[in-house]
Amino acid sequence: MPPQPPQPQVRGNILKFLRSFMGITRILQIVFGACLWVTIAANKYGGSIHFVLFVAVFFWLLTLALFFLTLLDKQDLVPLLGGDRWSCTNLVHDVVAAVLYLPAIGVMIYNTDRNSFCNLPQYKHPCLYKVYLTAAVFACFCWLAYLLSVICGACRKCQRG
């Protein structure tokens, strides 16, 4: 039996979510988070960078799950967190992500600064300075996307009462 084409109402809900502020910020969180962890994982890393990689991958996976559950309008299927609590669940997720991205940014800035000596043109050995700098920029973009989500979610929560 061939799959049924999506109903116009379902397609309309999907497009509505994708064009909403929350949909756009979720897409940005997914893209920037993927860029961050791919940048780190594609190169040699160690020490405190493991924490940054954990934060990036963990919240990338959670954001991906929240994105698809909201996109497909299946949040009611999530026990304890779905239904009426879904907006609060999203807000808590975004707050925790924003808070944990701050030390991750600090770790990336510290490692970038620690490797700044090899940014000189005369330095001929392999150097992770540009990798750490790129990862620090993506971590800042991730934090900004989660912060925008927190502000938007908090404003919605205040408006609803």
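# A first look at this predicted protein model

Across the protein chain the mean pLDDT is 87, and 91% of the residues reach 70 or more. Keep in mind that this is a predicted model. Confidence is not even along the chain: helix H1 has the lowest mean, 75, and H2 has the highest, 95. Let's walk through some features you can look for in the structure above.

**Helix H2**

- H2 is made of 21 residues, and from its first C-alpha to its last it reaches 30 Å, close to the 30 Å expected at 1.5 Å a residue.
- Many positions to look up in this helix are buried, among them Arg-26, Gln-29, Ile-30, Phe-32, Gly-33 and Leu-36.
- Here is a handy rule when you look at such a list: an α-helix has 3.6 residues a turn, so residues three or four places apart point the same way.

**Aromatic pairs**

- How many aromatic pairs does a search of the whole structure find? The search finds eight.
- In one of these pairs, the ring centres of Phe-17 and Phe-67 are 5.7 Å apart and the planes meet at 45 degrees, so the pair is tilted.
- Phe-17 sits in helix H1 (residues 8–19) and Phe-67 in helix H3 (residues 49–71), so their pairing ties together parts that are 50 residues apart in sequence.
- Phe-17 and Phe-67 are both buried.
- Phe-32 and Phe-141 form another tilted pair, with 5.1 Å from centre to centre and 35 degrees between the planes.
- Because Phe-32 belongs to helix H2 (residues 21–41) and Phe-141 to helix H5 (residues 129–160), this pair ties together parts that are 109 residues apart in sequence.
- Within the pair, Phe-32 is buried, whereas Phe-141 is partly exposed, with a relative accessible area of 37%.
- Ring pairs also link a cluster, which consists of Phe-54, Phe-58, Phe-59, Tyr-101 and Tyr-146.

**Cysteines**

- The structure holds one disulfide. As a reminder, a disulfide is a covalent bond between the sulfur atoms of two cysteines.
- Which cysteines does the disulfide join? The partners are Cys-118 and Cys-127, with 1.7 Å from S to S.
- The link of Cys-118 and Cys-127 is right-handed, with 40 degrees about the S-S bond.
- Cys-118 is buried, at a relative accessible area of 7%, while Cys-127 is partly exposed, at 30%.
- Why does Cys-140 have no bond to Cys-142? The sulfur of Cys-142 is the closest cysteine sulfur to that of Cys-140, but the distance is 9.3 Å, too far for a bond.
- Cys-140 counts as partly exposed at 32% relative accessibility, and Cys-88 is partly exposed with a relative accessible area of 32%.

**Two residues to find for yourself**

- Thr-112 is part of helix H4 (residues 86–114).
- Is Thr-112 buried or exposed? Its relative accessibility is 8%, so Thr-112 counts as buried, the cut-off for buried being under 20%.
- Apart from neighbours within four places in sequence, Thr-112 is in contact with Tyr-129, Tyr-132, Leu-133 and Ala-136.
- His-50 lies in helix H3 and is partly exposed, with a relative accessible area of 45%.
- The His-50 side chain reaches the backbone oxygen of Gly-47 at 3.0 Å.
- His-50 and Ala-104 are 54 residues apart in sequence, and 9.7 Å separate them in space, C-alpha to C-alpha.

How values were computed:
Residues are numbered from 1 along each chain as its sequence is written. This is a predicted model: local features need pLDDT of at least 70, side-chain atom pairs count only at pLDDT 80 or more; totals for chains, interfaces and linings use all residues. Side-chain values use heavy atoms; hydrogens and water are left out. Helices (H or I, at least four residues) and strands (E, at least two) are DSSP runs, numbered from the N terminus. Buried means under 20% relative accessible area, exposed over 50%, partly exposed in between (1.4 Å probe, protein chains only). Contact means heavy atoms within 4.5 Å. Rings of Phe, Tyr and Trp (its six-membered ring) pair if their centres lie within 6.5 Å; planes under 30 degrees apart count as stacked, over 60 as edge-to-face and the rest as tilted. The expected span of a helix is 1.5 Å times one less than its number of residues. A polar contact is a pair of N or O atoms within 3.5 Å; within protein, one must be able to donate a hydrogen and the other to accept it, and residues adjacent in sequence count only if both atoms are side-chain atoms. pLDDT is the predictor's confidence in each residue, from 0 to 100. A disulfide is a pair of cysteine sulfur atoms within 2.5 Å.
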